[in-house]
Amino acid sequence: MTVHNYDPALIAVQVDNDEKAFADLRQRHFKARAKMSLENEQLRGSFLGATDFLQAKRRAVFPDTDELEQLRDRGEAIRQQSLAQLPDLLETLEKNLTANGIQVHWAETAEQACAQVHSILAMNNARTVVKGKSMVSEEIELNHYLEKQGIECLESDMGEYLVQLAKEMPSHIIMPAIHKTTAQIARLMHTRAERSDGQSVSYTEDVDELIGNARAILRDKFASADAGISGVNMAIANTGTLCLVENEGNGRMSTTAPPIHIAITGIEKVVADLADVPDLLSLLTRSATGQNISTYFNMISSPRRGGELDGPEQVHLVLVDNGRSRMFNHPQLKPTLQCIRCGACMNHCPVYARIGGHAYGSTYPGPIGQVVTPQMQGLDKQGELVSACTLNGACGDACPVRIPLPKLIRELRHEANSTAPASELDIPGKGSQRHLGEALIWKGWALAHQYGPLYRSITWVLTRGRKLLPHHLGAWTATRTLPVPAKYSLHDLARGAGIGEQPANRRLNEGEA
């Protein structure tokens, strides 16, 4: 469906305005971003509709609750067993990858990871790159780094491609452009997508035509790119195999068409054996997109060998730490690394459904982002994220590998307000969210519950003076009605009913018997 009655100048202005709105949003702090998102009815509608749709698809592919729970048990056990052996598995993985001809590189920080990728590209005089979907590359901001080095890095996943055209960041780890409407995508493609002959694509709101236009542009790029970059969903230590899950075929094209393939992954993605893959794959695809299996499952074990007609001449793997070793050594926060990046937690989170991914201001939004991002970037920079949770437990119930997300968020809230002595396991910015007023309130709360006479005195004052209490308590009552204490406390009512005398009477009756 090609639309003819449109104003190209107006469309260009709308796309530019969307870009400015995102840039403005990104400069704000978390609470301001959340408020702006809540006031955007179109955005709220998009996210509520999308998360409801994804929840329904997930329920449809898990019709048997017992089968689901058994699968979750096995998935949790595989991830925990993998983490228990992580140092040994990483050594085994490196040994077997190297034996297969894959070059392994280690990066302790995001900067080192970007530099490693650039070094590989520079040694091969690579100037153009196509990139399959990779959240770790988003985490280390690889695109921006390569652009500064004069290297073109084009996203080939449809959602990532649209986000890149819009100069935004992903709002969901599985569906990066979930926040955009069809009309926004149509305007974006018409004004910013460019065919190989330098012409813009026709304006259309037909989904098939939009995808066809993007596919035609990307196929030309696959054929001419100097290198391809991809993520890794699972790395099998005992065989030295990299597994990549996808639906669009762009992952296979990025890893096979260019002469160089660079895979990037976090160190936690390793599993011991091929037998560990089926259960995790089943949980991943069904929890992420409601599919029993993805369209493509790529297993990469070596560069092109003699006699083979296709495949890259070089394969590299960059293993990224970027704070994961600290998570691994933390006794309470280690389960963070169990994540298989399916996005189920954010699809079931009422906060995410209302404020969307951009409000979080980080690569990983939603509940898993609230756990991962403060540990990577520090509680002093991202500590506000841990407050964006109602602790309703929906994320923990949805997690296919049983990450105790509410418990981890509570632990991070504790760390954010902790005054404990410093230790080598501390999260950066520990104690940075502590405020004197709030600390005194909680101290008073604890004392009142520790000493009976004090508790009774406070409840007596609150019940008798309830009509004198203020009706507004700052931000808390901006969207809520302040509860008014009852006329009498529970203890008053119990004493009035004679309940407090019952234990003594019962002992007396027992003595008489």
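Colleague: Let me start with one cysteine: is Cys339 buried or exposed?

Modeller: Good place to begin, and keep in mind that this is a predicted model. A residue is called buried when its relative accessible area is under 20%. Cys339 has 9% relative accessibility, so it counts as buried.

Colleague: Which cysteine sulfur is closest to the sulfur of Cys339, and how far away is it?

Modeller: For a disulfide, the two sulfur atoms have to be within 2.5 Å. The closest sulfur to that of Cys339 belongs to Cys345, and at 6.5 Å it is too far for a bond.

Colleague: And Cys395, where does its closest cysteine sulfur sit?

Modeller: In Cys389, 5.8 Å away, which is again too far for a bond. Cys395 is buried too, because its relative accessible area is 6%.

Colleague: How many disulfides turn up in the whole structure?

Modeller: The search finds 0.

Colleague: Let's move on to the empty spaces. How many cavities of 30 Å³ or more are there?

Modeller: The idea is a space where a probe fits but cannot get out. Here the count is 5 cavities of 30 Å³ or more. The largest cavity holds about 90 Å³. It has 14 lining residues, and those closest to its centre are Cys339, Cys342, Cys345, Cys399 and Ile403.

Colleague: How does that lining divide into nonpolar, polar and charged residues?

Modeller: The lining of the largest cavity has 12 nonpolar residues, with 1 polar and 1 charged.

Colleague: What is the volume of the second largest cavity, and which residues line it?

Modeller: Its volume is about 70 Å³. Cys339 appears in this lining as well, along with Ile340, Arg79, Asn233, Met234, Lys269, Val271, Leu280 and Leu284. By class, that gives 6 nonpolar, 1 polar and 2 charged residues.

Colleague: Now a polar side chain. In which helix is Asn96 found, and is Asn96 buried or exposed?

Modeller: Asn96 is in helix H5, which covers residues 86-99. We can use the cut-off from before: Asn96 has a relative accessibility of 17%, so it counts as buried.

Colleague: Which residues does Asn96 touch?

Modeller: Leaving aside residues up to four places away in sequence, Asn96 touches Ala237, Asn238, Thr239 and Gly240.

Colleague: Last one, on the overall layout. Into which domains is the chain divided?

Modeller: Domain 1 spans 71-324, and domain 2 spans 436-497. To place them relative to each other, look at their C-alpha centres, which lie 54 Å apart.

Technical notes:
Residues are numbered from 1 along each chain as its sequence is written. This is a predicted model: local features need pLDDT of at least 70, side-chain atom pairs count only at pLDDT 80 or more; totals for chains, interfaces and linings use all residues. Side-chain values use heavy atoms; hydrogens and water are left out. Domain bounds come from an automatic or database domain assignment. Helices (H or I, at least four residues) and strands (E, at least two) are DSSP runs, numbered from the N terminus. Buried means under 20% relative accessible area, exposed over 50%, partly exposed in between (1.4 Å probe, protein chains only). Contact means heavy atoms within 4.5 Å. On a 1 Å grid over the protein atoms alone, a cavity is a set of points where a 1.4 Å probe fits but cannot get out, and a pocket is an open set with protein on both sides within 12 Å along at least five of seven lines; lining residues have an atom within 4 Å of a point. Grid points are joined across faces, edges and corners, and a volume is the space filled by probe spheres set on the points. Ala, Val, Leu, Ile, Met, Phe, Trp, Tyr, Cys and Pro count as nonpolar, Asp, Glu, Lys and Arg as charged, and the others, Gly among them, as polar.
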